[in-house]
Amino acid sequence: MNRFFIDDEIKIGEEFEISGDDGRHITRSLRIKKGELIEGVAFGKAYLSEVIDVNREDNTVIAKAIEPIKTNEPMTSIRLFQGLTKSKEDFIIQKGTEVGISDFFPIEFIRSVSKIKGKQDNKMERWQKIARESAMQSKRDIIPRVHYPKKLIDIKDSLEGLSIVLYEEELSFSLKDCLKKIGECKIVNIFVGPEGGFDSSEIKFLIEIGVHSVSLGRRILRTETAGLVASSIVLYEYGDMEI
Ligand code: SAH
């Protein structure tokens with residue numbers, strides 16, 4: 001069943017409108033008709049809804065909320081602090097949304113090939129759109145937030161919960177050990193280095209502010225793979241991959 005994010009509140013028994021790109025998508029591509037069921041999501045809550053009216057002239061759809069749908073959101077917020085890459089952000093945001101990440105924080109590290117420069121608005125708009133589309137497709141109840149890129153030094157105050165840095169040179173503490181030792185947390189912050197990896201001064205800084213350095217094992221994963229693998233492992237270990 002197709003899922004759509006609505007900006008207004010949805011109330012059971014009441015009608016809501018879908019317009020813009022989503023309205024066009026329903027009327028033109030999906031060709032959903034009156035009487036068919038869809039899922040409307042607003043403010044983190046999903047509702048099974050019946051299509052009441054389809055207007056092909058202005059591409060709007062009116063639907064009525066029937067009943068709430070059980071949440072698809074993980075109990076734990078996974079926040080990915082991803083080193084700015086050459087050009088892998090679109091992929092990371094799309095796939096990370098599918099896995100269940102709640103926030104993406106692009107970070108400029110010493111070895112990040114791409115640096116923060118000028119206005120980021122166009123890029124941010126594109127990234128947020130990718131998160132929205134991926135959230136619809138993967139049936140999230142929220143659209144993950146993509147934050148403005150920051151330098152490592154500026155993230156100190158955004159950390160609460162369990163924070164881990166995936167460090168390719170960590171030889172004595174695995175992600176598995178860490179999760180076993182610390183137990184479940186409501187928020188897990190995961191740091192991933194860029195293509196060139198971390199500079200040791202960055203690891204030193206992260207450890208100083210309370211971040212645990214962990215290994216994902218002996219094989220080296222690409223930057224765009226590491227965060228996805230770590231997020232999946234955390235959710236799996238926390239029992240969040242159950243049906
Ligand atoms: N160029 C580096 C590897 C960078 S991999 C080298 O050759 O050593 C990019 C990022 O993915 C790393 O900074 C780290 O955050 C993560 N990563 C990849 N494989 C990992 C592993 N086995 N353990 C922990 N982190 C890993």
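**Exercise 1. In which strand is I66 found?**

Welcome! Keep in mind as you work that this is a predicted model.

*Solution.* Start by placing the residue: I66 belongs to strand β5, which covers residues 60–69. Next, judge how open it is. The relative accessibility of I66 is 37%, so it counts as partly exposed, a class that lies between the buried limit of under 20% and the exposed limit of over 50%. Finally, look for its partners on the surface. I66 joins M1 and L37 in a nonpolar patch, and together they have about 260 Å² of accessible area.

**Exercise 2. Find the aromatic pairs, and describe how F81 and F105 are arranged.**

*Solution.* A pair of aromatic rings is described by the distance of the centres and the angle of the planes. Searching the whole structure gives four aromatic pairs. One of them is F81 with F105: the centres are 4.4 Å apart and the planes differ by 5 degrees, so the pair is stacked, since planes under 30 degrees apart count as stacked.

Now place the two rings. F81 sits in strand β6 (residues 77–83) and F105 in strand β7 (residues 101–108), so their pairing ties together parts that are 24 residues apart in sequence. Then check burial: F81 has 0% relative accessibility and therefore counts as buried, and F105 is buried as well, with a relative accessible area of 7%.

Compare this with another pair, Y167 and F198. These rings are 6.3 Å apart centre to centre, with 70 degrees between the planes, which makes the pair edge-to-face. Y167 lies in the loop between β10 (162–166) and α4 (175–182), while F198 lies in the loop between β11 (187–192) and α5 (200–208), so this pair links parts 31 residues apart in sequence. Y167 and F198 are both buried.

As a last step, go back to F81 and F105: along with F191, they form one aromatic cluster.

**Exercise 3. How many residues has the largest nonpolar core, and which elements each supply at least two of them?**

*Solution.* In soluble globular proteins, nonpolar side chains tend to be buried together. Here, the largest nonpolar core has 28 residues, and L162, I164, L166, V188, I190 and V234 have the most contacts inside it. At least two residues of this core come from each of β6, α2 (89–99), β7, α3 (121–137), β10, α4, β11 and α6 (223–237).

Now zoom in on L166. Setting aside residues up to four places away in sequence, L166 touches several residues, among them I190, F191, F198 and A230. There is also a second, separate core of 19 residues, including I10, I26, I32 and A46.

**Exercise 4. Is Q120 buried or exposed?**

*Solution.* First locate Q120: it lies in the loop between β7 and α3. Its relative accessibility is 7%, so Q120 counts as buried. To see what is around it, leave aside neighbours within four places in sequence: Q120 is in contact with Y148 and P149.

**Exercise 5. Look at the phi angles of F43 and N59, then say where each residue lies.**

*Solution.* Most residues other than glycine have a negative phi. F43 is not a glycine, yet its phi is positive, about 45 degrees. N59 also has a positive phi, near 55 degrees.

Next comes location. F43 is in the loop between β3 (37–42) and β4 (45–55), and N59 is in the loop between β4 and β5.

Finally, consider accessibility. F43 is exposed, with a relative accessible area of 64%, whereas N59 is buried, at 10%.

Notes. Residues numbered from 1 in each chain as written. Predicted model: local features only at pLDDT ≥ 70, side-chain atom pairs only at ≥ 80, totals over all residues. Heavy atoms only, no water. Patch = residues over 30% accessible without salt bridge, like charges linked within 9 Å, V, L, I, M, F, W, Y side chains within 5 Å. Areas by Shrake-Rupley, 256 points an atom, 1.4 Å probe, with all protein chains shown as cover. Salt bridge = Lys/Arg side-chain N within 4 Å of Asp/Glu carboxyl O. Helix = DSSP H or I, 4+ residues; strand = E, 2+ residues; numbered from the N terminus. Buried < 20%, exposed > 50% of the residue type's maximum accessible area, 1.4 Å probe, protein only. Phe/Tyr/Trp six-rings, centres within 6.5 Å; stacked < 30°, edge-to-face > 60°. Core = buried A, V, L, I, M, F, W, Y, C linked by side-chain atoms within 4.5 Å. Contact = heavy atoms within 4.5 Å.
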